[in-house]
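Biologist: I should like a close look at a single part of this structure, followed by a connected account of its surroundings. Please keep the explanation suitable for a first-year student.

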Amino acid sequence: MKAVILVGGEGTRLRPLTWKRPKAIVPILNQPFLEYLIDYLKGHGIEEIILAMGYLPDPIQECLGDGTKLGVRLHYVVEDTPLGTSGAVKNVEAYLDESFLVFNGDIITSIDLTKMIKQHQESKSVVSIALTPVDNPTIYGVIETDEHGRVTRFVEKPGWDEVTTNMINAGIYILEHEVLARIQAAKPSMFEHDIFPSLLIDGQPIMGYSSESYWIDIGTPEKYLKVHQDLLRKKGGQFVKVDSTSHIDMQAKVEGPVIVGQNCVISGDVSIKGPAVIGAGCRLDSGAVIEGAVLWDQIHVGKGARLVDCVVATGGRIHDDCLIPSGCVLGDNVELEPGYMMSEGTKVEPDTTLG
Ligand code: GDD
Ligand code: MG
């Protein structure tokens, strides 16, 4: 089965991390998000993938190439103007022949796709939609089903007074090819608002595939950080993975789960307390403390600086004795002058100097 991944969104809610790169390739455990997703799809037998792109397509293509290094075949299609979720799939119709999978390009999950595909084939429905329980359904598409799992109603981003279930659209669909005939070419449309509700009105069978497996969308910086903490915690406190090109001083204290990328230099007296990720080419000077943080590449953390439960994008220069507390998110190339203390939850635009 082929898969279409929707990666055309601007990732507005993930700013400031998405000013300089699309959501699709923000790093997850030091690996571009799409690589992570493609590995998962490949694990369920998907070997040909079409990327429906819009915002910042070039970095995605440069990052993944033709897919050979990931063991899949990739095709890229770029929209001139955003076509919406279903318009984007119509736009890649030339690559599709039989039933296919559609994936929102901002989800990390361990939902059993193989089982979902099997259920879809047995149910003879035209669409199957993965459903997952969440605490706050109002920021998702709520989906009601009957006692046989058949979808009866969609409410996209409902108010609390409209919430009748905590099961939401997980952003994973299996579609029969015939559904493409219902989508207008070169015109923006959404599965969630247009195509799925119209199928229901016409009495076409849509099945839910409910799953309790891990599912999260990386749509906001808070969730981006949570994904890291969840994935690392699953690996356990003993997990410490340091690239062989990196040097950690014997006096540094590293408590897992921690991942350290290539070419890092970590001085004595540094303390890294997991769950934490250090990207490639980072330098941590003596007395620096990293706790629950995600650092992208080429970041310099000066002596005695303290970074807690935060995200720092590529090129950050955090000088001596600075504090980056919980919930802070720094875009690319942010500089903090010596001794600068940030307040909790501050978001900083790229290329900013604070001091
Ligand atoms: N190619 C293309 N073109 N992709 C698009 C476009 C477009 O015009 N618009 C959005 N996308 C992609 C985004 O990049 C993202 O991967 C996916 O489609 C969904 O868009 P989001 O903007 O992330 O939607 P959402 O998170 O508010 O809601 C959707 O996902 C939820 C699950 O995470 C809906 O499908 C909800 O019903 C669902 O619950
Ligand atoms: Mg989303």
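Modeller: Let us take helix H6 as the part to examine. Its buried residues are Pro221, Lys223, Tyr224, Leu225, Val227, His228, Gln229, Asp230, Leu231 and Leu232. The model is a predicted one, and every value below is computed from it.

The length of the helix can be checked by simple reasoning. Helix H6 covers residues 221-235, which is 15 residues, and at 1.5 Å a residue these should span 21 Å. The C-alpha atoms at its two ends lie 22 Å apart, which agrees with that expectation. After H6 comes glycine 236, and its phi is positive, near 90°. Lysine 235 is placed over the face of phenylalanine 239, 5.0 Å from the centre of the ring. Another charge over a ring is found at arginine 15, which lies over the face of tryptophan 19 at 4.0 Å from the ring centre.

From rings paired with charges we may pass to rings paired with one another. Seven aromatic pairs are found when the whole structure is searched. One of them joins tyrosine 140 to tryptophan 215 in an edge-to-face arrangement, with 5.6 Å from centre to centre and 70° between the planes. This pair links distant parts of the chain, the two residues being 75 residues apart. Tyrosine 140 belongs to the loop between strand E8 (127-133) and strand E9 (141-145), whereas tryptophan 215 belongs to strand E13 (residues 215-217). Both tyrosine 140 and tryptophan 215 are buried.

The rings of phenylalanine 191 and phenylalanine 196 are arranged otherwise: their centres are 5.1 Å apart and their planes meet at 20°, so this pair is stacked. Phenylalanine 191 and phenylalanine 196 are both buried. They also belong to a cluster, in which ring pairs link Phe154, Tyr173, Phe191 and Phe196.

The wider setting is that of the nonpolar cores. In soluble globular proteins, nonpolar side chains tend to be buried together. Here the largest nonpolar core contains 90 residues, and those with the most contacts inside it are Leu34, Leu41, Leu51 and Leu307. Helix H1 (residues 33-43) supplies the largest share of this core, namely six residues. Leucine 51 may serve as an example: leaving aside residues up to four places away in sequence, it touches Ile5, Val7, Leu34, Ile60, Leu64, Leu74, His75, Tyr76 and Val77. A second core, separate from this one, has 29 residues, among them Phe100, Ile129, Leu131 and Leu180.

Terms used
Residues numbered from 1 in each chain as written. Chains lettered and ligands numbered in written order. Predicted model: local features only at pLDDT ≥ 70, side-chain atom pairs only at ≥ 80, totals over all residues. Heavy atoms only, no water. Core = buried A, V, L, I, M, F, W, Y, C linked by side-chain atoms within 4.5 Å. Buried < 20%, exposed > 50% of the residue type's maximum accessible area, 1.4 Å probe, protein only. Helix = DSSP H or I, 4+ residues; strand = E, 2+ residues; numbered from the N terminus. Contact = heavy atoms within 4.5 Å. Expected span 1.5 Å × (residues − 1). Phe/Tyr/Trp six-rings, centres within 6.5 Å; stacked < 30°, edge-to-face > 60°. Lys NZ or Arg CZ within 6 Å of the ring centre and 35° of its normal.
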